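Let's take a walk through a protein chain together. Keep the picture in view and follow along as we go from strands to helices to the inside.

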Amino acid sequence: MRLVAQVRLLPTPEQAAALEATLRTVNRAADFVSAIAFQQRCFRNFDLRKHTYEQVKVVFGLAAQAAQHVIKKVCDAYRTLHANLAAGNLGKPGSARRIKAESKPISFRPQAAQPYDDRCLSWQHADRTVSIWTTAGRLRGIAFTGSAQQLALLAKHRKGESDLVWRDGMWFLHATVEVPDVPVTAPGGFVGVDLGIANIATTSEGVRHSGKGLNAVRHRHHELRRRLQAKHTKSAKRLLKRRRRKEARFAANINHSIAKQIVTEAERTGRGIALEDLQGIRDRVRLRKPQRVTLHAWSFHQVVRLR
């Protein structure tokens, strides 16, 4: 089973500046590659490499592995775009949203994540440091930290690429780990789970996990954002920036707690979990405008994923 372990990097100011410069450079290179891919309609990694590999190395001064990762990142982005177009996730043919997505090359944020492999990134678990390639040269001895569970998972099962991520002024590494699959056993029955908004989850045994507290927090955050956005002052913008993702973190914690309780009970009694299929409900249900905020904030998918 493939999972992702997250650790936080603790770079010095000089190391952080080198990491930031690296992300900006590789994402400018990704924009360059994306423009060529869009112009020539070339989206396969091997074919696109013929058109862009040498230019990326010369123009942006990237190492060989970094240049290849930039090209692969662009190909993966176009693969995701084409899959969304084929699935109709960006609207029907001729819709404004679909035309906008199809009419221009994919662009990358200046500090978008960058993948690294073992040639560009090495881990020293005993010292709890990493050595990583940057445009300023190889940086050694960058400290990292994380929860005991994440560090143990990383040391024992890490396999594959790691992503360098900048978020809210902090640096992270998201590393791929592969853990052995748990043997599947035939369940002795099932626990049915109904997902909702007023009650986040209701089991077939009558146990209800109320969404009243979460909905109250969402409403309070919504009203606060509305008032701050109406002010247009620097202090209001600073407060908005400081509070970003706070509601999402709170909701994720609540959903994770509920999912763990349901899974623990099912595991204790040797039963499986049966969930209703709510995929595509946003497209199937039509609501008045005031109700859409509640529907679009409904994180039923997160409850299913966290189980």
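How many bridges join β1 to strand β5? There are three, and β1 and β5 (residues 137-145) run antiparallel. You can find one spot in this pairing by looking for Leu10, which stands opposite Ala143 in β5. Before we go further, keep in mind that what you see is a predicted model.

Now a bit of background on strands. Strands of a sheet pair through backbone hydrogen bonds, and they can do that either parallel or antiparallel.

Let's get an overview, too. The chain has eleven helices and eleven strands. Of its 307 residues, 35% are buried. If you take the contacts between residues at least 6 apart in sequence, 61% of them join residues at least 24 apart.

Back to β1, which covers residues 2-10 and also pairs with strand β7 (residues 170-178). Eight bridges hold that antiparallel pair together. Look for Leu3, and you'll see Val177 of β7 standing opposite. Strand β7 has another antiparallel partner in β6 (residues 158-167), joined to β7 by seven bridges. Here Val165 is the residue opposite Phe172 in β7. The β6 and β7 strands form a hairpin with two residues between them, and in this hairpin Asp168 takes a positive phi near 55°.

There's another hairpin to see, made by β4 and β5, again with two residues between the strands. These two strands pair in the antiparallel sense over five bridges. One of the matched pairs is Val130 with its bridge partner Ile142 in β5.

Stay with β4 for a moment, since this strand (residues 129-134) is where Thr129 is found. Is Thr129 buried or exposed? Its relative accessibility is 15%, so Thr129 counts as buried, because buried means under 20%. Leaving out residues up to four places away in sequence, Thr129 touches Ser122, Trp123, Gln124, Gly141, Ile142, Ala143 and Phe144. For a contrast, try Asp47, which lies in helix α2 (residues 45-60). Asp47 has a relative accessible area of 24%, so this residue is partly exposed. Ala37 is ten residues from Asp47 along the chain, and the C-alpha atoms of the two are separated by 9.7 Å.

Next, let's look inside. In soluble globular proteins, nonpolar side chains tend to be buried together. The largest nonpolar core of this chain has 50 residues, and the members that touch the most other members are Leu9, Leu62, Trp123 and Leu164. Helix α3 (residues 64-87) gives the largest share of this core, ten residues. Take Leu9 as an example: apart from residues up to four places away in sequence, Leu9 touches Leu19, Val130, Ile142, Ala143, Phe144, Leu164, Trp171, Phe172 and Leu173. There is also a second, separate core of ten residues, including Ile200, Ala201, Ile262 and Ala266.

Now move on to a sheet further along the chain. Four strands form an open sheet in the order β10-β9-β8-β11, with mixed pairing. Why do β10 and β11 each have one side without a neighbour in the sheet? β10 (208-210) and β11 (272-275) stand at the edges, and each has a single partner strand, so one side of each is left free of neighbours in the sheet. On average, neighbouring strands here are turned by 20° against each other, direction ignored. Inside the sheet, three bridges join β8 (residues 190-195) to β9 (residues 199-203), and these two strands run antiparallel. Asp194 has Thr202 as its bridge partner in β9. Helix α8 (residues 246-268) packs on the sheet and touches β8, β9, β10 and β11, and the helix direction makes about 5° with that of β9.

Helix α8 also packs with helix α6 (residues 212-231), at an angle of about 175° and with the axes 10 Å apart. That angle makes α6 roughly antiparallel to α8. Where they meet, α6 brings Leu214, Val217, Arg218, His221 and Arg225, while α8 brings Lys246, Glu247, Phe250, Ala251 and Asn255. Sorted by class, this contact has four nonpolar, two polar and four charged residues.

Methods. Residues numbered from 1 in each chain as written. Predicted model: local features only at pLDDT ≥ 70, side-chain atom pairs only at ≥ 80, totals over all residues. Heavy atoms only, no water. Buried < 20%, exposed > 50% of the residue type's maximum accessible area, 1.4 Å probe, protein only. Contact = heavy atoms within 4.5 Å. Pairing = 2+ DSSP bridges. Axes fitted to C-alpha atoms, helices over the stretch in contact; angles between N-to-C directions. Parallel < 35°, antiparallel > 145°, perpendicular 65-115°, else oblique. Nonpolar A, V, L, I, M, F, W, Y, C, P; charged D, E, K, R; others polar. Core = buried A, V, L, I, M, F, W, Y, C linked by side-chain atoms within 4.5 Å.
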